[in-house]
Amino acid sequence: MDFLSAWIVSPSALPFLCLIWGTQAQQAFRSEPRNLTVRMGATAVLRCEVLRASGTVQWVKDGLLLGPQRSLPGFPRYNMIGNPKRGQYHLQIEKAQLEDDASYECQAGQSESSQAIISTTAWINMLIPSSEPYFEVDTATPWVAGKKYTVTCIAPDAKPEAEITLYKDGVELTGAESFTTSGSKDKLLNTHAAVTFTALSSDHRRQLACHSKNPARFQPVETTMTMTVYFPPQPPVIIGLEKEEVKAGRMLVLECVSHGGNPLATLHWTKDGEVLSMTWEEDPVSQKSSSILKMRIRPQDNQATLCCESVNLVSLSPLSISRTITVLFEPAEVKLLGEFAAIEGQDLHLSCLATSSNPPVQIRWWLGYKELNTTSDTMEEGDNGGMTTMSNMTHRVSREEDGLKLTCEAFNQGTHFSKSQITKLSVYYPPQKVWLDTPAPDVPLRVGTTVHLICFSAGGNPTGTLTWFKNGKVVPDALRQTSFDRGVARELALVLTPSDNMAAYRCDATNEAQKSISAYTKLTVHYPAVSMAITTEQTELRRGQTLMLECQSGSSNPKASISWILGTHRFEGVEQPPKKAQFGGVSVRSTLSLNLTSHHHNQRVICQAYSPLLTEGAHTFFKLNVLYPPEFSPEQPTQVQVVEDDIATIPLLVSANPEELSCIWLHRRETLVKEGDLRYRWSDDNSLAINNVTRRNAGVYTVKCTNDEGVDQTSIMLDVQYAPSVKAEKDPVFVNLGGTADLICVADANPIISDMFSWKLLGEEEAEVEEIGDETQEEESGLLTIHDVTRAHAGLYQCTADNGIEPPATVDVQLVVQFKPVLQKGAQWKKVASRGDGTTTADIVCQAEGIPRVEFSWEKKSVPMDFENPRYEERTVREGPFHTSTVRVVNVSAALDYAVFSCTARNTLGEDKLDIQLISTSHPDPPSLFRQVSLTHDSVSLEWIPGFDGGLRQRFRIRYRWEQSASFLYVDVFPPGATFFTVTGLQPLTSYNFSVNALNAMGESGYADDNAVLTITTKERPESEEDPADKDPPSARGPPAYLIVVFTVVFGVVLVLNSLGCFFGIRWKKRRGQTGGRGGSVLGPKKNEDQGSSQSTVSNSNKYESREKINAAAQHTLLIDSGSETDSNAYESYEGASSRYYYPTGDFKPPLSPHPEETLRLGATHLHVASHSHLYEDVRDGGQFQDIRAASLPSPPSLVDHTLSKQRTEWRAPTYLQQGTERVREFMDVRQPQRDSDLPFELRGELV
């Protein structure tokens, strides 16, 4: 370089230098990188400057090329800086990190004019400061004073390794041992410095510091640790016990305090080793623990040792302080011992005891106000370390000292306690006088009399106690002793008994003075015999023997007389002379002889001793036990009645002695045994009981009874009664109209009684037969005779037999009245309507009632009908007496079929004929027989008979008004086909005019009964429902005027909207009809599910239009009363609605199943029923009547028993059999609702 510099500086060398450059142009380093030491985070720059740089210059790090770009992609902190034109390719490293500690080379690549060159290797030495140092201690628990512990400070991840210095409370610790270990990354070192020292109590809460430093930091890093050292507390002290002597009852408050210690000490109190308290408080500020003991001093605490102990976690042993207390206490009790009462002149010995006390007490005696000094005291050890004191006193008492107070006083000098025990002294001396208040001894007293003997006593202390004695024995029943001013008295109330006669009564007066004085008396008592006894020498008594009895009376005063009584008879016996007896009385004896019979058994023979002077006596009895064979009682029944299936009890009234007897029952000469029939039961008295008795058990029963004395027998008739069973002598009973019918039933019963039979007619309304026929009875037969039989008499009659035993028996007898056919000829039967356009089917129905079987024949225009024509089909259905023949005309033609069809019904008794006209559909005929059914104050129920429906479904409307109404009101009848309706919301006592007409899709009829008006006046409102507001006339009860205006406006808007809706709906339907559908009704078409044809419900635009003006008020009333709109679509919509809507019950007819006895007639030939059919089957057919006419046809009432019915039908059908199954199904279905296509041809299309 010096050579080149010389050449560059000297101008004379330029030509030579140019020659060299032009020939070689070798690259060379002007400056090369040198080793660097860099702190972490600083910027390092490695210099590299190349002369004549012709190759690619780039840096190599640890052998890895970093790239020729100056920004060095992949190394965001690396870039090459300097002026490349001057050959400067310095490597700058920003924010130097440990990873930058490596070897670096600067290389210039080979070029065409120069070879590659590589600089000398330069090293970057990174200086990494250590992480924050931390302590490691060989134990996790707090230190204990006096023990050695090793503390290690670690300065991690430093380069070069850190130097550590330890300080305790600012003083450097010497003797620390240091070593290094590998750090968390390569080239990093951890420095460990450990020191061992002894923990002192003064080290508690002081700082232990660790300083770490290395060249990467200008200041050392410090971390500290607060030392926690446990050390024991100081010994405790007791505060609050100034003196060791404490009076009992005082509340002693002591405080135990222990200073120092970590943790602070726990304290507890003990008394003689027993724990008193384990609660304490800690004061961290003052570094002390304290515990307060509150203790009520008791005598038991005398010489007790109180101890307070302190201890903490590191105490080697508890520290304690003890104090012994002396308790001053009074005696718990002062007692006076001995007897405090004495007899005058005696010595009194008493003691006074004071229980344990500290110090011992002194005792003094007082009698009244006088101190007694004749005492002696002794002391002994007592409870709780105290002394007991006993004082003994002796004193001779006198009468004057009675009642004085005797006092024992105990005094304790230590507690200044004084306690006394006081009692009264009692001195006893005897009573001075005793006397009696009693009856005189020579006055006789009647036994049972109450006598009062009174004893008196005066003087003595205490007053005397009086005691009564009888013959030297204490009488316990004397009354309580009573006191008076100068003494006492005691009464003896005696109810005199024989023992009181001449008895000695004494009264003694005594008291505690142990001396007594007495008084005496005697009584004279009259009494009857005190006892009675009857004896005999005979041990067994039998019927027919003679019995000798002897009666002995006890003592009586005066003498008694003896008599004998047996039942209601009195006898006089043989009396013996009297003898002396106890209580100073006499005794009497008498004998009696008696002939014994069975009636004497268990009777009592009474002996009575009677005293005339006392008018009373005593008695006893002797019960006779007379042995005799069985004897049956006169009340033994000879006949027993019982109801069948009950329990029959045949009582046995037999007596015998001995009572142990055996009885044998015989029935029809056969002995009855329990094993023979389980229904036989014998009770304890040998009565016979028969369970579930039957009529076979009736008859004579004989019973034989035997005991040890003999045998006897008797017979009893058993009459078994049973409920009747009844049967009909003939069933059914046939009779022609106008004839006489005899209905007979025969009963089996016991008993047979008069008026046992009764008859009634069964049916929907059961009726008695008094007005129908004559009832008679011939023994077990009941007869009902009916004269001039009419059709109303036909039916099921019930015969009931009742003999008073449940249950009554019944049997049913069928009365069949035979009559010629009678055809139904009402308005609905004389016309049939159908369109004559060849697309409809018409059913012409003829119904006859008759018995026996009715046969039908048909004519058209007086010419017999040819049923081989496929357009005509005939079917016959029979149900009981009702026979229905239906001719179905298929594809009705106005030209061919609008005619009169004649139906003839005949049987063996006659015939009947009906002309039926087949016409085109039209509006309905007016109803008839419009009448009132019931009436209240606000409603009326109406009923009518419908007219011909015009071939379409018809409904009914009721019109009514009253005098004040502006116009008629209209109510649609619901259900639509109903012929009964109740109009509500009427006013009481108001006259109304009612009318009814019919409507169908073709129009409406006139009003019923030639437009007649039914005038009805409502009843008066009941008092319980009357309201003053209801008394106003209807016109006054309307809504206010403003409400009418508002309602009219709203209603008008609704009508306009409804009209618009109808208009657009019609236009839409017309367009729809033009595009492929037939014209339907306003309500729209609906497919019939059974027939598959289209049907529609036609609604009139104003179903209430009746050529009379309807004002707004009438419309409003109609909406409220009937609940329908003015166009009355509510009911019509049911026809086209789905099955989930309510279907009017008047229009519902359940379909019938095919009849098992139907026969099909092909052509004109009739196939009759089997020849083996019975005649009475004509009336036993009670199945459901199948009405195939319009819904308004009434169902005929059934007059037969429906439970025995079987349906029979006859068929006449066309010759083509391929459609037979379908035709049968169509005939058996309910008549379907009318379709819009059923209208006449000229009325088809839209109805608006």
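Here are a few exercises with worked solutions on the structure above.

This is a predicted model, in which local features need pLDDT of at least 70 and side-chain atom pairs count only at pLDDT 80 or more, while totals for chains, interfaces and linings use all residues. Residues are numbered from 1 along each chain as its sequence is written, and side-chain values use heavy atoms, with hydrogens and water left out.

**Exercise 1. The whole chain**

Task: Find how many helices and strands the protein chain has, and what share of its residues is buried.

Solution:
- Begin with the secondary structure: the protein chain has 10 helices and 99 strands. Both are DSSP runs, helices being H or I with at least four residues and strands E with at least two, numbered from the N terminus.
- Next, turn to burial: of the 1248 residues, 43% are buried. Buried means under 20% relative accessible area, exposed over 50%, and partly exposed in between (1.4 Å probe, protein chains only).
- Finally, look at contacts, meaning heavy atoms within 4.5 Å. Among those between residues at least 6 apart in sequence, 66% join residues at least 24 apart.

**Exercise 2. An open sheet**

Task: Work out the strand order of the sheet that contains β54, and name its edge strands.

Solution:
- Start with pairing: two strands pair if DSSP finds at least two bridges between them. Strands β54 (residues 561-566) and β60 (residues 604-611) run antiparallel and are joined by six bridges.
- Pick out one of these bridges: Ile562 has Ala609 in β60 as its partner.
- Now extend to the full order, which is β55-β54-β60-β61, an open sheet of four strands with antiparallel pairing.
- The edges are β55 (569-571) and β61 (616-623), each of which pairs on one side only.

**Exercise 3. A serine in a loop**

Task: Is Ser556 buried or exposed, and which residues does Ser556 contact?

Solution:
- Locate Ser556 first: the residue sits in the loop between β53 (546-553) and β54.
- Check accessibility: Ser556 counts as buried because its relative accessibility is 1%.
- List the contacts, leaving aside neighbours within four places in sequence: Tyr527, Pro528, Ala529, Gly585 and Val586.

**Exercise 4. Nonpolar cores**

Task: Find the largest nonpolar core and the strands that each supply at least two residues of it.

Solution:
- A nonpolar core is a set of buried Ala, Val, Leu, Ile, Met, Phe, Trp, Tyr and Cys residues joined through side-chain atoms within 4.5 Å.
- The largest has 27 residues, and Trp59, Leu91, Tyr104 and Ile124 have the most contacts inside it.
- At least two residues of this core come from each of β3 (44-46), β5 (57-61), β7 (78-81), β8 (90-93), β9 (103-108) and β11 (122-127).
- Apart from this core lies another, of 25 residues, including Val733 and Leu815.

**Exercise 5. Backbone surprises**

Task: Where are the cis peptide bonds before Pro751 and Pro807, and what is the phi of Asp157 and of Leu929?

Solution:
- Recall the background: most residues other than glycine have a negative phi, and most peptide bonds are trans.
- From Asn750 to Pro751 the bond is cis, with omega near 5 degrees; Pro751 is in the loop between β73 (741-750) and β74 (757-761).
- From Glu806 to Pro807 the bond is also cis, with omega near 0 degrees; Pro807 is in the loop between β78 (795-801) and β79 (809-823).
- Asp157, in strand β14 (residues 148-158), has a positive phi of about 55 degrees. Its relative accessible area is 17%, so Asp157 is buried.
- Leu929, in strand β88 (residues 928-935), has a positive phi of about 50 degrees. At 56% relative accessibility, Leu929 is exposed.
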